[in-house]
Amino acid sequence: MGELGKETLVEAALRVLNTADPFEKARLGDEVAEKWLKGDITIPYHASPETPVPDRPARLANVKLVSPSEMPKLGKAGSLQSRRAIVHSLVHTESWAIDLSWDIIARFGKQESMPIDFFTDFVKVAQDEGRHFTLLAARLEELGSSYGALPAHDGLWDSAIATSKDLLARLAIEHCVHEARGLDVLPTTISRFRNGGDEETAELLEKVVYPEEITHCAAGVKWFKYIYLRSKNPALDSDFEVSDESEAEVIQKFHETVRAFFRGPLKPPFNEAARKTAGFGPQWYEPLAVKAFSTE
């Protein structure tokens, strides 16, 4: 416990990460988020050494894990079997998104001396991901299935391990590549559920998940900019503005980071409108849609 026995946000984040049951993880995460946002938890971290962040969060063994190449095709939501498979995949992704959000708080917040706004932004992301998991898992039950009924892969956490010592890389890969990819494909997924007659899932994705995922990408873009610009100006305030010249430098650093930590080019087509709302235009990602050459 932190000062005067009060739990810090990092200590609470570690409790979430060390909770194996995904439903309890989501519930506990929501409870911790509410405490932070209401001011019941006020200390982000304690000056004394914290408990180590686990390399891999606690998880139940009831979800059969396979490599991404061994994952069965999800289909296009035209059949009940396909709709179950797609929702199961989304539930699994959201379960990891909960861990990723609390992990970035616990792993990097103190280590990188991040401002309070960083903690608050990712607490909000974590709370959203928990809500998405809970709502999608409930929808999966309504479709006659359950989380763990189908195989899944852990590609998201593989990326987390690869970026566990570099906050710029974590922000770039998890939030500006993987999460932005979600923005690219969600409109098509929503249309497929609607065309397959599943209006309830389409509405859940369109009205809840999609708009909130845009804000998660925005958090990644914002804090990527901050970390890079603070390396040039250590006195940088979290309420910073970016000049055109600085933006060009940030984008160049983003390209370097993605090419160092992400294998292969990004896949178009891109959801330019959603990405623009999240704070990054085509100059951020279009150059990454082609293979890098050593002559660049």
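Q: Happy to start with E7 in this predicted model: why is E7 called buried?
A: E7 has 17% relative accessibility, and buried means under 20%, so E7 counts as buried.

Q: What makes E7 and R15 a salt bridge?
A: The closest N and O atoms of R15 and E7 are 2.7 Å apart. The cut-off is within 4 Å, so the pair qualifies as a salt bridge.

Q: And why is R15 called partly exposed?
A: R15 comes out at 35% relative accessibility. Partly exposed lies between the 20% and 50% limits, so that is the class of R15.

Q: How do you know that E200 and R139 form a salt bridge?
A: Their closest N and O atoms are 3.6 Å apart, and the rule asks for within 4 Å, so this pair counts too. The pair links distant parts of the chain, with E200 in helix 7 and R139 in helix 4, 61 residues apart.

Q: Is E200 buried or exposed, and why?
A: Exposed: E200 has 52% relative accessibility, and exposed means over 50%. Its partner R139 has 11%, which is under 20%, so R139 counts as buried.

Q: What makes the E206 and R194 pair a tie between helices?
A: The side chains meet in a salt bridge at 3.0 Å, N to O. E206 lies in helix 7 and R194 in helix 6, so the pair ties together parts twelve residues apart in sequence. Salt bridges that share partners join R194, E199, E203, E206 and K207 into one network.

Technical notes: Residues are numbered from 1 along each chain as its sequence is written. This is a predicted model: local features need pLDDT of at least 70, side-chain atom pairs count only at pLDDT 80 or more; totals for chains, interfaces and linings use all residues. Side-chain values use heavy atoms; hydrogens and water are left out. Buried means under 20% relative accessible area, exposed over 50%, partly exposed in between (1.4 Å probe, protein chains only). Helices (H or I, at least four residues) and strands (E, at least two) are DSSP runs, numbered from the N terminus.
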